[in-house]
Amino acid sequence: MLPDTALRIVLVGSVGSSEQTLRKLIEHTMQVVGVFGYQSENVAKVSGYVNLEQLAHEANILFAGFGNINHQADAIKHLQPDLLFVVGLSQLISDDIISAPTHGCVGFHPTRLPLGRGRAPLAWMILDDVPGAASFFKIGAGVDDGPIYTQVPFAINEQDDAADVSNNLMMAIDAALDEWLPRLKSGDLSSIEQAEEHATVYGKRGPEDGLIRWNDTAKRIQKLIQASASPHPGAFTYVRDSRMTIWKSRVCPETKINGICGKVLDIGDDESALVQTGSGVIRLVNWELENEKPLRVGDQLGYEPQNEIFRLRQELTELRDCIAELGIKAGGERS
């Protein structure tokens, strides 16, 4: 049991889960003495970014912005925290910060730890058809491997996209903190060790991993589109040398049309596009095209390698011929 005094809490974060955790800490009248929120010219690259400054100010909590949290070690130490909540932050915190709070650092991960440690968990859970969880744990030397304070699972349905999973996660965070914070307030900081033998780890994903490969099955492409949807950057392909970002789609198992892989087979009255995949067809419902030109029946999505290599070889031959012709003309002028 902890001493019978109010714990001094500092929170560090940058996304929706950070904001939701801060709201719950405020709701349970925990003594939050400082909030450090990510503020940088690179915030557009952070999926689901949330600026925590306004919420902190509304609750009369000291706020400080940062680009690299590890540059704020002295400022965090100055607040003399008992607990440091690090929620929704992709940066790894230094040992200097981990050792700053009296009773350690509280981390957060949206999977059923020890399953799914690592990077881009929301996308991976959708792709792998596995449930999630709001897991709060003690940060240690490893990645997402510390003992768990509280964990509330939630289901991921087959049709859920990244936004749906994010919404379900927020509700699980509420349930987890409603269960744990009263215990914490009473001095109970007990935790349960993770079963290391069951641990799995997700690898890093980037915006480029949203590229659609049209020879995949319709179901696999559908999952990629769901996993890449907002707040993520979106699944994408190319058409007529323009990038096409796809936000919503559905598999159409009842469709009898067969065509060439990646080709638009039909344009519906609602302007949705039916596309052939490596196995089955998929209907694209919501997308953005860089050149804003409408899709047409027969458009090829993605690049067919042999056709593209042939086209590039033709252009290279034409370029060489032009260079040779310019060289002949230049030589004639010099003579």
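**Exercise 1. Start at Gly 13: which residue in S2 is its bridge partner, and how are S1 and S2 connected?**

Solution, step by step.

- Look across from Gly 13 in this predicted model, and you'll find Gly 37 of S2 as the bridge partner.
- Now zoom out to the strand pair: S1 and S2 run parallel, with 6 bridges between them.
- Follow the chain next. It leaves S1, goes through H1 and arrives at S2, and this β-α-β crossover is right-handed.
- Check how covered S2 is: 7 of its 8 residues are buried.

**Exercise 2. Work out what S2 does on its way to S3: how many bridges join the two strands, and which residues stand opposite Phe 36 and Tyr 38?**

Solution, step by step.

- S2 spans residues 31–38 and S3 spans residues 63–66; the two are parallel and share 4 bridges.
- Pick out the facing residues. Ala 64 of S3 sits opposite Phe 36, while Phe 66 of S3 sits opposite Tyr 38.
- Add the helix: H2, residues 53–58, completes a right-handed β-α-β unit with S2 and S3.

**Exercise 3. Lay out the sheet that holds these strands: what is the strand order, and which strands are at the edges?**

Solution, step by step.

- The order reads S3-S2-S1-S4-S5-S7-S8, an open sheet of 7 strands with mixed pairing.
- At the edges you get S3 and S8 (148–154), each of which pairs on one side only.
- For the twist, expect an average of 15° from one strand to the next.
- Put the helices on. H6 packs on this sheet, touching S4, S5, S7 and S8, and its direction makes about 145° with that of S8.
- H1 lies across S1, S2, S4, S5 and S7, running at about 160° to S1.

**Exercise 4. Describe how H1 and H6 pack: at what angle, how far apart are the axes, and which residues meet?**

Solution, step by step.

- Two numbers do the job here, since packed helices are described by the angle between their axes and the distance between the axes.
- For H1 (residues 16–27) and H6, the angle is about 35° and the axes are 10 Å apart.
- The handedness comes next: H1 passes H6 in a right-handed crossing.
- Then list the contacts. On the H1 side they include Gln 20, Thr 21, Lys 24 and Leu 25; on the H6 side they include Met 170, Ile 173, Leu 177 and Leu 181.

**Exercise 5. Find the nonpolar cores: which residues of the largest one touch the most other members, and which helix gives the most to it?**

Solution, step by step.

- The largest nonpolar core has 62 residues, and Phe 85 and Leu 284 touch the most other members.
- H6 (residues 162–185) gives the most to this core, with 11 residues.
- Another core, of 20 residues, lies apart from it; Val 33, Tyr 38, Leu 84 and Ile 97 are among its members.
- Zoom in on Leu 284. Skipping residues up to four places away in sequence, its contacts include Trp 214, Ile 225, Met 244, Ile 246 and Leu 301.

**Exercise 6. Decide about H7: is this helix largely enclosed or not, and what do its buried residues pack against?**

Solution, step by step.

- Count the residues with under 20% relative accessible area. In H7 (residues 218–228), 9 of the 11 residues are buried, so the helix is largely enclosed by the rest of the structure.
- Among those buried residues are Ile 221, Gln 222, Lys 223, Leu 224 and Ile 225.
- Their packing partners are helices H5 and H6 and strands S10, S11 and S14.
- Three of those names turn up in an open sheet of 5 strands, whose order is S10-S11-S14-S13-S12 and whose pairing is antiparallel.
- Its edge strands are S10 and S12 (264–267).
- Neighbouring strands here are turned by 45° against each other on average, direction ignored.
- H7 packs on this sheet too, and its direction makes about 110° with that of S11.
- Finish at the S12 edge: 3 bridges tie S12 to S13 in the antiparallel sense, with Val 264 opposite Val 275.

**Exercise 7. Classify Ser 190: where does it lie, and which residues does it contact?**

Solution, step by step.

- Ser 190 is in the loop between H6 and S9.
- Partly exposed covers the range between 20% and 50%; Ser 190 has 40% relative accessibility, so it counts as partly exposed.
- Beyond its neighbours within four places in sequence, Ser 190 contacts Tyr 149 and Arg 183.
- Thr 150 is 40 residues from Ser 190 in sequence, yet the C-alpha atoms are 9.5 Å apart.

Technical notes. Residues numbered from 1 in each chain as written. Predicted model: local features only at pLDDT ≥ 70, side-chain atom pairs only at ≥ 80, totals over all residues. Heavy atoms only, no water. Pairing = 2+ DSSP bridges. Right-handed = clockwise from strand over helix to strand, strands pointing away. Core = buried A, V, L, I, M, F, W, Y, C linked by side-chain atoms within 4.5 Å. Buried < 20%, exposed > 50% of the residue type's maximum accessible area, 1.4 Å probe, protein only. Contact = heavy atoms within 4.5 Å. Axes fitted to C-alpha atoms, helices over the stretch in contact; angles between N-to-C directions. Left-handed = near helix turned anticlockwise from the far one by under 90°.
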